[in-house]
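Thank you all for coming; I would like to walk you through one chain this morning, slowly and with the cut-offs spelled out as we go. Please look at the model first, and then I will start with a single residue and work outwards.

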Amino acid sequence: MLGSFDLIRTNAAHIGSSAIVSSVASNSEVKEGTDGKKKVTGSFENYLMDAVNYVNGKQISSTENVEKMITDPDSIDIHDVTIAMAEASMSLSLAQTVIDRLVSGWNEITTTR
């Protein structure tokens, strides 16, 4: 689950107190999957899938809380439902903003001027 990110320094010129590490060695690890294909863990694809799964989990949690509130109102506090809905909305909004920025950046990169 994505709660927070630990930022690592890969360049001595960057600000930070953590040790400098190689981004390829620390963020990527090649493993063989069950289907026989080699899979790189720690890749952009994995980070993106983790983020999508996190947003999906927030949406599912919010839906479950709303359903519980409708079926058995005494079993859940209305504040918990409101907080879950706000978290789901905020995570979805943030994900949409990141996706829009990625698409915009990709379009800028691929456009030849």
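Let me begin with E64, which is partly exposed at a relative accessible area of 48%, where buried means under 20% relative accessible area, exposed means over 50%, and partly exposed covers what lies in between, with a 1.4 Å probe and protein chains only. E64 sits in helix α2, and helices here are DSSP runs of H or I with at least four residues, strands being runs of E with at least two, numbered from the N terminus. Across from it in space, the C-alpha atom of A84 is separated from that of E64 by 9.7 Å, although the two positions lie 20 residues apart in the count along the chain.

Before going further, a word on where the values come from: this is a predicted model, in which local features need a pLDDT of at least 70 and side-chain atom pairs count only at pLDDT 80 or more, whereas totals for chains, interfaces and linings use all residues. Residues are numbered from 1 along each chain as its sequence is written, and side-chain values use heavy atoms, with hydrogens and water left out.

The overall picture is of a chain with three helices and two strands, running α-β-β-α-α from the N terminus on. Of its 113 residues, 11% count as buried. The accessible surface comes to about 9300 Å², and 58% of that belongs to carbon and sulfur atoms; such areas come from the Shrake-Rupley method with a 1.4 Å probe, and for residues only the protein chains shown count as cover.

Now to the confidence, for which pLDDT is the predictor's own score for each residue, from 0 to 100. The chain averages 79, and 63% of the residues score at least 70. Among the elements, helix α1, residues 23-27, has the lowest mean pLDDT at 46, while α3 has the highest at 93. Over residues 23-27 the pLDDT is below 50, and this stretch has nine contacts in the model beyond near neighbours in sequence, a contact being heavy atoms within 4.5 Å. Where pLDDT is low, the predicted coordinates should not be read in detail.

I will therefore spend the rest of the time on α2 and α3, given that α3 has the highest mean pLDDT among the elements. Helix α2 has 28 residues and reaches 41 Å from its first C-alpha to its last, close to the 40 Å expected at 1.5 Å a residue, the expected span being 1.5 Å times one less than the number of residues. Helix α3, residues 78-110, has 33 residues and reaches 48 Å, close to the 48 Å expected.

Which residues of α3 are buried? They are V81, A84, A88 and S91, and the buried residues of α3 pack against α2, residues 44-71. An α-helix has 3.6 residues a turn, so residues three or four places apart point the same way. On the α2 side, N46, V55, S62 and N65 are buried. S62, at 10% relative accessibility, counts as buried, and leaving aside its neighbours within four places in sequence, S62 is in contact with A84, M85 and A88.

Further pairs can be followed by eye. E67, found in helix α2, is partly exposed at 47% relative accessibility, and its C-alpha lies 9.7 Å from that of V81, with the two 14 residues apart in sequence. N56, also placed in α2, is partly exposed with a relative accessible area of 42%, and its C-alpha is separated by 8.5 Å from that of L92, 36 residues apart along the chain.

What does K58 form with E87? The two make a salt bridge, with the closest N and O atoms 2.9 Å apart, under a rule that asks for a side-chain nitrogen of Lys or Arg within 4 Å of a carboxyl oxygen of Asp or Glu. K58 lies in helix α2 and E87 in helix α3, so the pair ties together parts that are 29 residues apart in sequence. E87 is partly exposed, with a relative accessible area of 34%, and by this rule the count comes to one salt bridge.

Finally, the surface: F44, L48, V52, L94, V98 and L102 form a nonpolar patch with about 540 Å² of accessible area together. The elements giving two or more residues to this patch are α2 and α3. Patches are made of residues with over 30% relative accessible area and no salt bridge, like charges being joined within 9 Å and nonpolar side chains (Val, Leu, Ile, Met, Phe, Trp, Tyr) within 5 Å. L102, which lies in α3, counts as partly exposed at 39% relative accessibility.
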